[in-house]
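I opened this entry to keep track of what I looked up, in the order I looked it up. The topics are exposure, the fold elements and the aromatic rings.

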Amino acid sequence: MNTKKKKGIDKAAFLFIGPAFIFFTLFIIVPTLASVYYSFTSWDGISPVVKFVGLANYKEIFTSARFGNALKNTVILTVFISIFENAAALALALIVDNVRWGEKLFPECLLYTGSCQRYRVRLYMENYV
């Protein structure tokens, strides 16, 4: 048996990684870099004139009273929603785990509602589109 490791680049790996890398670059990296660039400009998004203002936009944001209020609201919502969602998920998991009288009822209900949703959307689209 030949136990030598292949040296060099595996072309099959690039065939699988290439499309994902292209999409990631086009839809994540490029817009992120463009937004960083535009954050240093004063541009309305329509006119062809893009005026470079440097850190003036950031100075305006961090000295604004509205920014502090928005940041406070975001932190409060994030903390309470995270706690509430995790507590509700844990409670539902414990309820489903401890049920003995209808062991197959809950999974079947979940599967039924998921499959019905597809038909509801289809009927909605047929009636209103």
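**Entry 1, exposure.** I began with burial: 5% of the 129 residues of the chain count as buried. The model is predicted, and I read every value below with that in mind. I then took the surface of the chain, which comes to about 12200 Å² exposed. Carbon and sulfur atoms supply 70% of that area.

**Entry 2, elements.** I counted 4 helices and 2 strands in the chain. Reading from the N terminus, I get the order α-β-β-α-α-α.

**Entry 3, aromatic pairs.** How many aromatic pairs are there? I find 5. I looked at F23 and F27 next, a stacked pair with 5.9 Å centre to centre and 10° between the planes. Both residues belong to helix α1, where they sit 4 residues apart, about one turn of the helix. I checked their accessibility too: F23 is exposed, as is F27.

**Entry 4, F40 and Y58.** I turned to the pair of F40 and Y58, which is tilted, with 5.5 Å between the ring centres and 55° between the planes. The upper limit for a stacked pair is 30 degrees and edge-to-face needs over 60, so an angle between these counts as tilted. Which parts of the chain does this pair tie together? F40 is in the loop between α1 and β1, while Y58 is in helix α2 (residues 56-63), so the pair joins parts 18 residues apart in sequence. For the bounds of that loop I noted α1 as 11-39 and β1 as 41-42.

**Entry 5, cover on the two rings.** Are F40 and Y58 buried or exposed? F40 has a relative accessible area of 25% and is partly exposed. Y58, at 30% relative accessibility, is also partly exposed. Buried means under 20% and exposed over 50%, so values in between are called partly exposed.

**Entry 6, surroundings of F40.** I listed the contacts of F40, leaving aside its neighbours within four places in sequence. They are K51, F52, V53, G54, L55, N57 and Y58. One of these, V53, I also checked by backbone position: its C-alpha atom is 5.8 Å from that of F40, although the two residues are 13 apart along the chain. Y58, the ring partner of F40, is on the contact list as well.

**Entry 7, a ring cluster.** Last, I asked which residues are linked into a cluster by ring pairs. The answer is Y37, Y38 and W43.

Key. Residues numbered from 1 in each chain as written. Predicted model: local features only at pLDDT ≥ 70, side-chain atom pairs only at ≥ 80, totals over all residues. Heavy atoms only, no water. Buried < 20%, exposed > 50% of the residue type's maximum accessible area, 1.4 Å probe, protein only. Areas by Shrake-Rupley, 256 points an atom, 1.4 Å probe, with all protein chains shown as cover. Contact = heavy atoms within 4.5 Å. Phe/Tyr/Trp six-rings, centres within 6.5 Å; stacked < 30°, edge-to-face > 60°.
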